[in-house]
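Thank you all for coming; I would like to walk through one model this morning, taking the charged side chains to begin with and then the sheets. Please have the sequence and the structure in view while I talk.

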Amino acid sequence: LLPLLVDLVIFLVFNSKVPLECEIGEGTCFEHRGIAIVIHPEAVIGKRCAILSCVTIGGKGKGIPGAPVIGDDVTIGSGARIIGPVRIGSGATIGANAVVISDIPEGATAVGVPARVVS
């Protein structure tokens with residue numbers, strides 16, 4: 001009962017959905033108080049990541065398996081969407097409002113809709 005109550009309070013105060021089932025690495029920071037962040041229950045987020053406001057890390061829909069796997073030291077810009085069973089390599093940067101629907105290699109920067117690697 002207590003975990004459900006904590007989940008409800010987080011949703012009401014921060015308008016965010018961060019399920020207890022998702023794996024979030026040590027040192028990962030939800031910038032701007034974690035406002036409007038939605039994370040898939042099966043998502044894996046590495047260590048020391050920076051996730052800005054209004055980010056969605058989710059699946060492709062009900063009944064479709066797979067959730068994002070995000071490496072260590074990744075920065076995800078405001079409003080970005082990471083959708084489906086994609087992998088984001090360690091040290092990557094996802095630009096603001098990017099929509100990631102395919103894998104991003106280590107150390108790369110991805111921007112746009114759909115996101116493409118620019119460096």
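Let me say at the outset that this is a predicted model, and that a search through the whole of the structure turns up one salt bridge. As general background, side chains of opposite charge can pair when their charged atoms come close. Here the partners are Arg48 and Asp73, whose closest N and O atoms lie 2.8 Å apart. The two residues come from distant parts of the chain, 25 residues apart, with Arg48 in the loop between strand 4 (44-45) and strand 5 (50-51), and Asp73 in the loop between strand 7 (69-70) and strand 8 (75-76).

Are these two partners buried or exposed? Neither label fits, because Arg48 has a relative accessibility of 46% and therefore counts as partly exposed, while Asp73, at 37%, also counts as partly exposed.

Turning to the sheets, I will begin with the one made of four strands, which is open, has the order 1-4-7-10, and is paired in the parallel sense. Its edges are strand 1 (23-24) and strand 10 (87-88), each of which pairs on one side only. Within this sheet, strand 1 and strand 4 run parallel and are joined by two bridges, and if you look at Ile24 you will find that Ile45 in strand 4 stands opposite.

The other sheet I want to describe is also open, but it is built from six strands in the order 2-5-8-11-13-14, and its pairing is mixed. Strand 2 (29-30) and strand 14 (116-117) are the edge strands here, each pairing on one side only. One of the parallel pairings joins strand 8 to strand 11 (residues 93-94) over two bridges, and there Thr75 stands opposite Thr93 in strand 11.

Thr93 also serves as a reference point for my last residue, Val111, which belongs to strand 13 (residues 109-111). In sequence Val111 and Thr93 are separated by 18 residues, whereas in space their C-alpha atoms are 8.7 Å apart. Which residues does Val111 contact, once its neighbours within four places in sequence are set aside? They are Gly95, Ala98, Arg116 and Val118. Even with those contacts, Val111 is not classed as buried, because its relative accessibility is 27% and the label of buried is kept for values under 20%; Val111 is therefore counted as partly exposed.

How values were computed
Residues numbered from 1 in each chain as written. Predicted model: local features only at pLDDT ≥ 70, side-chain atom pairs only at ≥ 80, totals over all residues. Heavy atoms only, no water. Salt bridge = Lys/Arg side-chain N within 4 Å of Asp/Glu carboxyl O. Buried < 20%, exposed > 50% of the residue type's maximum accessible area, 1.4 Å probe, protein only. Contact = heavy atoms within 4.5 Å. Pairing = 2+ DSSP bridges.
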